[in-house]
Amino acid sequence: MSTEFASWVAPAARRFQSTRQEIVQVAREVPDDAWQLASPVAGWTFRDVLAHLAVGYLFCDMVVRAVLDDSDHDLRPQSAKREERIATSLARGAALTTEELIAKVLREGEETLELLSRVGESDENTPVITSRTMPDAMGLGVFLSGYHHDEEHLEHLRPALARTSLAR
């Protein structure tokens, strides 16, 4: 990773980058006929999981942008902005091919890293509110260190490899 990050951002940035690369590697190994199989996520196929991962950092990016732009740091779902932007992005992803989704995973990951490179040392404790169930603010550093969205969904994608090899 050649991009410079604030010292407290670097571990999260490395984790994000590594996970994105792993998602791409797994996705490229999934046979074409497996994408329509049911995934471990109720009601989702493996393709749905990949489409969701293609926009996986949308919320993270919204939080970081709010800090960088010094805009509203209350990003709870009831603000409607968050839900609207995520729904729009997911709808766009549904129209893409698998290869386009894989390319989007890579591109979105690079955009997140670029955004994280703009975060400064002094932003670590900037308060953000991200959850309806946890209405108290947390520092941006706490948010980034606890943001494991892609790792969680990568684990939902992995069974596509095992299930398809067993089906043959």
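What follows is a chat about how a few labels in this predicted model are earned.

Trainee: How confident is the predictor in the protein chain, and where is confidence lowest and highest?

Mentor: The chain averages a pLDDT of 84, and 82% of the residues score at least 70. Confidence is lowest in helix H4 (residues 81-94), at a mean of 67, and highest in helix H1 (residues 10-29), at 95.

Trainee: Why is Lys 104 called buried?

Mentor: Buried means under 20% relative accessible area. Lys 104 has 13%, so the label fits. This lysine is found in helix H5, and leaving aside residues up to four places away in sequence, Lys 104 touches Arg 20, Ala 54, Val 55 and Leu 96.

Trainee: What makes the pair Glu 108 and Lys 104 a salt bridge?

Mentor: The test is a side-chain nitrogen of Lys or Arg within 4 Å of a carboxyl oxygen of Asp or Glu. For Glu 108 and Lys 104 the closest N and O atoms are 2.9 Å apart, so the pair passes. They are four residues apart in helix H5, which means about one helical turn separates them. Glu 108 is buried too, because its 14% is under the 20% cut-off.

Trainee: And how do you know that Glu 114 and Arg 118 meet in a salt bridge?

Mentor: Their N to O distance is 3.9 Å, and the limit is 4 Å, so the pair counts. Glu 114 is at 40% relative accessibility and Arg 118 at 46%. Partly exposed runs between 20% and 50%, so both get that label.

Trainee: What does the salt bridge between Arg 158 and Glu 22 tie together?

Mentor: First the distance: the closest N and O atoms of Arg 158 and Glu 22 are 2.2 Å apart. Arg 158 lies in the loop between helix H7 (149-157) and helix H8 (159-167), while Glu 22 is in helix H1, so the bridge joins parts 136 residues apart in sequence. Arg 158 and Glu 22 each have a relative accessible area of 28%, hence partly exposed. Glu 22, Glu 155 and Arg 158 are linked in a network of salt bridges, and the structure holds six salt bridges.

Trainee: Why is Ser 18 called partly exposed rather than exposed?

Mentor: Exposed needs over 50%. Ser 18, in helix H1, is at 39%, so it counts as partly exposed. The C-alpha atoms of Ser 18 and Glu 151 are separated by 9.8 Å, with the two residues 133 residues apart along the chain.

Methods: Residues numbered from 1 in each chain as written. Predicted model: local features only at pLDDT ≥ 70, side-chain atom pairs only at ≥ 80, totals over all residues. Heavy atoms only, no water. pLDDT = per-residue confidence, 0-100. Helix = DSSP H or I, 4+ residues; strand = E, 2+ residues; numbered from the N terminus. Buried < 20%, exposed > 50% of the residue type's maximum accessible area, 1.4 Å probe, protein only. Contact = heavy atoms within 4.5 Å.
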